[in-house]
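Me: Could you walk me through the strands and the charged pairs of this model? I'd like the reasoning along with each result.
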Amino acid sequence: VIVCENMERLAQVVGELLPSFSRMTVRLNELECVGVAKNGLVKSVISGRGELVQIKIDPDLYKENQQSQLHLLIQDSHENALQKLEIQREKIISEEMPDFLPAKQWLGRIKFI
C-alpha cells in the first residue's frame, strides 16, 4: 500500500513539473544576450545555449588603432554576454520552478546542449 501511494504521489509531482519544464525550456531557448567589451567597440550576441550568434565591431576600432587587441575585445564581449546569460537563466529557472521545489537547488545543475 505504501509503494502505491508513493507512486501515485510521484506521478502527481511529475505531472506538475512537466508544464514548468516545458515553459522553462522554451524561454531559455528563446534567450539572446548582448555582451559589450569594456571599450564599447565590440559586441557579441549569444543564444540561450551560449552559442555565439553575431559579433558587431564598431568602425571606430580601426580609427583608434586597436585592431591588434581585437581578439581580446571579442573575448571580453563574449564573457560579458555569458555573465548576462547566466543571470537570465537563473531568473527564468526561479520563475518557472513550482513553489514546492526550491529553485536554488536546480541552479547550476541544468546543462544546455
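**Charged pairs and strands**

Reply: Happy to, and please keep in mind that the model is predicted. A good place to start is helix H3, where Glu86 and Arg89 are three residues apart and so lie about one helical turn from each other.

Me: How far apart are the closest N and O atoms of Glu86 and Arg89?

Reply: Glu86 is partly exposed at 33% relative accessible area, whereas Arg89 is buried at 12%. A salt bridge needs the nitrogen within 4 Å of the carboxyl oxygen. Glu86 and Arg89 form one, and their closest N and O atoms are apart by 3.7 Å.

Me: Which residues are linked in a network of salt bridges?

Reply: Lys91 and Glu95 are four residues apart in helix H3, so about one helical turn separates them, and they form a salt bridge at 3.5 Å. Glu95 also meets the side chain of Arg27 in a salt bridge, 2.7 Å from N to O. That pair links distant parts of the chain, with Arg27 in helix H1 and Glu95 in helix H3, 68 residues apart. The network therefore consists of Arg27, Lys91 and Glu95.

Me: Is strand E2 mostly covered or mostly uncovered, and how many of its six residues are buried?

Reply: Strand E2 pairs with E1 in the antiparallel sense over five bridges, and five bridges also join E2 to the antiparallel strand E3. Buried means under 20% relative accessible area. E2 is mostly covered, and of its six residues the number buried is five.

Notes
Residues numbered from 1 in each chain as written. Predicted model: local features only at pLDDT ≥ 70, side-chain atom pairs only at ≥ 80, totals over all residues. Heavy atoms only, no water. Buried < 20%, exposed > 50% of the residue type's maximum accessible area, 1.4 Å probe, protein only. Helix = DSSP H or I, 4+ residues; strand = E, 2+ residues; numbered from the N terminus. Pairing = 2+ DSSP bridges.
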